[in-house]
Amino acid sequence: MSTAYVRTARIGESLTVERTSHMNITYNAQRNPHLGAPGVTTMHGEAQSSDATPLPGPGAGQWRITGTKLGGACPTILAGRDGFIQVLCTQVFAHGEFITPKLSILDPHTGRELSHLDIPKGALLGGVYAYLDAKDRMVLVDGSRCLLKLGHSSDGRSIRVEERIDLSRMLAQSPKDAVVGLVPDWGGRIWVATKNGYVAVVDAERGTIRSMRLNRVSVAGERIDNSISACPLGVSVVTSHAIYMLNATATGAPVLKWWHAYDRGSARKPGKLAWGSGASPTFFGPNGSDYVMLTDNSDIQESVIVYRTNNGAKVGSAGLFTAGTSGTENSMIGVGNTMVGASTYGYPYPKYPEGAGPSVPANALFAPGMERWDITDRGLRKIWDRKDVYSSAVPRYSAADGLIYTCERRRGPAGLANGAYAWAVALDMETGKTMHEQRLPQHVSLLLGGGDTLQMVGTIDRYGTWWQGTISGVYRIAKA
């Protein structure tokens with residue numbers, strides 16, 4: 001089934017479409033006792049990386065859109081149970097370089113910055129992956145190779161380091177290495193992954209750090225360029241060559257349960273930050289984590305590939321987007337038996353991480369595409385296909401209102417993806433139809449240095465506000 005829905009709104013006009021039905025695809029990710037509230041405590045929602053939330057967003061009516069300038073790219077926006085918005089940004093200094101990360105605490109009702117703390121630079125964009133623990137502390141690894149747990153005062157006006165764990169011993173085996181992602185497992189141990197393909201288990205209670213290198217496919221070494229995910233059965237990591245499922249022994253040592261190589265293609269594609277899969281692994285399924293999926297990097301047409309979490313048996317795969325312009329840097333939504341992905345092929349990133357290498361082709365127009373696939377008794381089935389959506393953010397699904405929230409960077413008169421043609425949109429999960437779209441205000445975009453959402457993730461807080469990171473701050477999108 002393919003749904004085509006195209007209507008153009010005049011510049012400055014919002015477009016609202018009355019919903020005809022509502023499909024309740026419930027949020028069912030299992031609760032990790034070592035994380036904060038579900039749907040808002042990791043970049044991709046929770047430990048399983050579902051890119052979904054049980055909270056309602058601003059809905060399909062008129063929105064009030066404001067912005068907070070924070071001086072850098074803001075890829076990680078998390079919400080504590082106390083209501084405060086915690087934003088991890090990488091500040092921009094000379095020559096457009098991303099230099100010093102900082103944690104900012106924002107007032108949830110106004111978006112005003114209440115406090116901030118500078119953090120030593122780490123890996124990609126300063127180290128963008130972090131999470132909120134059960135005490136609403138932001139947990140991250142800084143550039144001095146320390147795992148930090150950052151707490152804040154009850155009024156949000158001060159931030160303090162409450163716990164520090166030195167990871168230098170673990171990283172000594174690879175001196176130029178840096179931590180890329182981290183996640184707690186259901187036993188409270190913290191798993192960290194490095195760009196050079198090492199995975200370690202940090203057991204703070206025992207004072208141990210046990211590690212292993214993932215190099216089953218490439219003897220020369222495999223890179224890790226995205227976050228890692230966890231479920232009650234273990235932890236999944238996607239490298240530049242393969243997907244791995246791991247667990248920990250009674251002594252805290254990481255052990256491999258199963259792995260599969262995937263088609264990484266012949267080169268990095270335009271609109272992707274690394275050569276290989278651009279996606280974090282996602283656990284999902286009718287029981288919360290029956291399956292784990294990734295997207296590959298096949299040259300002509302990328303595929304989503306689904307495996308059974310417990311034994312690695314392949315459930316199925318399906319080609320995504322238009323052949324020849326098929327690629328995504330973004331983790332797909334995974335909830336119940338449903339998956340939704342968005343194209344990033346040709347997206348005009350202003351800067352690429354060290355070691356990304358050249359893309360083939362060197363340049364390409366930003367290609368549209370958003371698709372929903374369901375797992376059925378007969379395999380993977382396409383439910384709808386939007387070939388006119390230019391998603392410029394990682395889509396986030398609200399199970400409470402049945403809407404998918406994302407931003408678009410549409411082509412201008414010259415045919416190029418232009419930040420001046422930026423929109424916030426809400427799509428119906430059941431049909432794929434656009435239920436509401438509203439142009440991001442020019443005066444707010446100018447405040448945010450152009451307002452480019454840079455394929456970053458949005459977060460919906462308990463007040464129904466959608467917070468969307470940009471290249472120099474955050475949009476605050478609330479019901480008018």
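**View 1. The second largest cavity holds about 70 Å³ of space.** Thirteen residues are not all shown by name here; of the 13 that line this cavity, the closest to its centre are Gln30, Arg31, Asn32, Pro38 and Glu46. By class, the lining of the second largest cavity splits into 6 nonpolar, 5 polar and 2 charged residues. The model shown in every view is predicted.**View 2. The largest cavity has a volume of about 100 Å³.** Its lining is made of 14 residues, and Thr42, Met43, Leu182, Ser227 and Ile228 are the closest to the centre. Strand β12, residues 179-184, gives the most to this lining, with 3 residues. By class, the lining of the largest cavity has 9 nonpolar, 4 polar and 1 charged residues. A search of the whole structure finds 8 cavities of 30 Å³ or more. Rolling a probe the size of a water molecule over the atoms shows where empty space is left.

**View 3. Ser236 sits in strand β17, residues 234-238.** Is Ser236 buried or exposed? Ser236 has a relative accessible area of 0%, so it counts as buried. The cut-off for buried is under 20%. The side chain of Ser236 reaches the backbone oxygen of Tyr244 at 3.2 Å.

**View 4. The contacts of Ser236, leaving aside neighbours within four places in sequence.** Ile228 and Ser229 are in contact with Ser236. So are Ile243, Tyr244 and Met245. Pro281, Phe283 and Val292 complete the list. Tyr244 also offers its backbone oxygen to the side chain of Ser236, at 3.2 Å. Ile228 appears in View 2 as well, among the residues closest to the centre of the largest cavity.

**View 5. Strand β22, residues 303-308, pairs with β21.** Strand β21 covers residues 291-295. The two strands run antiparallel, joined by 5 bridges. Which residue of β22 is the bridge partner of Leu294? The partner is Ile305. Strand β22 is mostly covered, with 5 of its 6 residues buried.

**View 6. Strand β22 also pairs with β23, residues 314-319.** Here too the strands run antiparallel, and 5 bridges join them. Ser303 stands opposite Gly319 in β23. The hairpin of β22 and β23 has 5 residues between the strands. Within this hairpin, Gly312 takes a positive phi near 80°.

Note on methods. Residues numbered from 1 in each chain as written. Heavy atoms only, no water. Helix = DSSP H or I, 4+ residues; strand = E, 2+ residues; numbered from the N terminus. Buried < 20%, exposed > 50% of the residue type's maximum accessible area, 1.4 Å probe, protein only. Polar contact = N/O pair within 3.5 Å; in protein donor to acceptor, adjacent residues only side chain to side chain. Contact = heavy atoms within 4.5 Å. Pairing = 2+ DSSP bridges. 1 Å grid on protein atoms, 1.4 Å probe; cavity = no way out; pocket = protein on both sides within 12 Å on 5 of 7 lines; lining within 4 Å. Points joined across faces, edges and corners; volume = space filled by probe spheres on them. Nonpolar A, V, L, I, M, F, W, Y, C, P; charged D, E, K, R; others polar.
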